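I opened my notebook and went through this one a piece at a time. Here is what I looked up, in the order I ended up liking best.

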There are 2 protein chains.
Amino acid sequence: MVRGTMAQTESLATDDLMTIGQMCETFGVTPRTLRFYEAKELVAPLRTGTRRLFTRRCRARLKLILQGKRFGFSLEDIRQLLDLYDLGDSQATQIMRTRALALERLAAMEAQRAELDAAIADLKDQLARTDTLLAQREAE
Amino acid sequence: MVRGTMAQTESLATDDLMTIGQMCETFGVTPRTLRFYEAKELVAPLRTGTRRLFTRRCRARLKLILQGKRFGFSLEDIRQLLDLYDLGDSQATQIMRTRALALERLAAMEAQRAELDAAIADLKDQLARTDTLLAQREAE
DNA sequence: CGAAAAGTTGACGTTTGCGTAAGGTTGACG
DNA sequence: CGTCAACCTTACGCAAACGTCAACTTTTCG
């Protein structure tokens, strides 16, 4: 429907409307995920009857969403950030707000990394002791 | 009950039975947590009527539990490991099993660390760009 | 003795981010 | 024209680890 049927694949560059299936393949997510994001107002695809059509804008947003997730933001955080993004085109207060949240997140992530590093070190330590034990038993 | 009342605090070294409250303070957990762990058969405190009395053994187990959590093991994993620990005193197969799980966990943790590092780097990148934007606006 | 503090057992609630049917419609292809 | 794949909505499930009442009993302290 997006265009001639067999032209769908090639039309991706031309046409900026994608079906849910195409989106899933492109971004490596499930349909459920996209519908869920829509329900949470993270994306707002068009419709052809009941069928969703994802615009270029949806794709841009989805990219940001997936990035945000990598950074450990919750979907709710991401929604708010996306809203800020939309609201005005780069007003200082909004950039600052985003920045603040990003810095917070960064701090949290670095703290988490520190903990993780410590835990890794401790676990390695434990393993070393286990190895020692095994070696002793072997020696008998 | 554990001993004379005002002697409770000092008796910690002598007496190896602790109330749930003492445990909580010692380990920084809530009563709910300890009852939950008991329900999950991670610890098995004695009773005085209905009241729990945590033994030295309970404390040793709790320590291991909290360690295990730091390492990212699930409570179920931890329960199994504790059972192994109890079963025999250091039979080779059991040590090996523990080792295997630990190595798995270690790999997972290091993978997670790598991801986290990448995410941190990316987020810093984003921040740098935001800074650039802000600087430009400032310049106007 | 009498009240406050501490402990007890249920049992339902919370959180996040989807997974997973169930059952129905639509559109494209041979 | 039939059918099959892709899509739709609705709604319950889940998973871990406790939190949070509610309603009692038991200690402990003044």
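**Aromatic pairs**

I began with Tyr37(B), which is buried, with a relative accessible area of 4%. A reminder to myself before going on: this is a predicted model.

Next I looked at the ring of Phe36(B). Phe36(B) counts as partly exposed, at 31% relative accessibility. The ring centres of Phe36(B) and Tyr37(B) are 6.3 Å apart and their planes meet at 50°, so I logged the pair as tilted. An angle of 50° is neither under 30 degrees, as stacked would need, nor over 60, as edge-to-face would need.

How many aromatic pairs does the structure hold over all chains? I found 2. Phe36(A) and Tyr37(A) also form a tilted pair, with 6.3 Å from centre to centre and 50° between the planes. In chain A, I noted Phe36(A) as partly exposed at 31% and Tyr37(A) as buried at 4%.

**Salt bridges within a chain**

I then turned to charges. Over all chains, the structure holds 21 salt bridges.

One of them pairs Asp16(A) with Arg56(A), with the closest N and O atoms 3.3 Å apart. Asp16(A) sits in the segment before α1 (20-27) of chain A and Arg56(A) in helix α3 (residues 56-70) of chain A, so this pair ties together parts 40 residues apart in sequence. I have Asp16(A) down as partly exposed at 26% and Arg56(A) as exposed at 52%.

In chain B, I checked Glu38(B) and Arg47(B), a salt bridge whose closest N and O atoms are 3.0 Å apart. Glu38(B) counts as buried at 18% relative accessibility, while Arg47(B) counts as partly exposed at 41%.

I also looked up Arg79(B) and Glu76(B), which form a salt bridge at 2.9 Å between the closest N and O atoms. Both lie in helix α4 (residues 75-87) of chain B, 3 residues apart, which puts about one helical turn between them. Arg79(B) is partly exposed at 23%, and Glu76(B) is partly exposed at 37%.

**Where the chains meet**

Which chain gives how many residues to the contact? I noted 31 residues from chain B and 31 residues from chain A. Together the two chains bury about 3000 Å², with 70% of it on carbon and sulfur atoms.

The rule finds 8 salt bridges across this interface. I picked out Asp117(A) and Arg113(B), whose side chains meet in a salt bridge at 2.4 Å, N to O. I flagged this pair because Arg113(A), Asp117(A), Arg113(B) and Asp117(B) are linked in a network of salt bridges.

I also noted 10 residue pairs in polar contact across the interface, both residues at pLDDT 80 or more. On the side of chain B that touches chain A, α3 (56-70) and α5 (92-139) of chain B each supply at least two residues. The most comes from α5(B), with 27 residues. By type, that side of chain B divides into 15 nonpolar, 5 polar and 11 charged residues.

**One residue on α5**

My last stop was Lys124(B), in helix α5 of chain B. Is Lys124(B) buried or exposed? I have it as partly exposed, with a relative accessible area of 43%. Leaving aside residues up to four places away in sequence, Lys124(B) touches Leu106(A) and Glu110(A). A polar contact of 3.3 Å joins the side chains of Lys124(B) and Glu110(A).

Terms used: Residues numbered from 1 in each chain as written. Chains lettered and ligands numbered in written order. Heavy atoms only, no water. Contact = heavy atoms within 4.5 Å. Buried area = accessible area lost by both parts, 1.4 Å probe. Salt bridge = Lys/Arg side-chain N within 4 Å of Asp/Glu carboxyl O. Polar contact = N/O pair within 3.5 Å; in protein donor to acceptor, adjacent residues only side chain to side chain. Helix = DSSP H or I, 4+ residues; strand = E, 2+ residues; numbered from the N terminus. Nonpolar A, V, L, I, M, F, W, Y, C, P; charged D, E, K, R; others polar. Phe/Tyr/Trp six-rings, centres within 6.5 Å; stacked < 30°, edge-to-face > 60°. Buried < 20%, exposed > 50% of the residue type's maximum accessible area, 1.4 Å probe, protein only.
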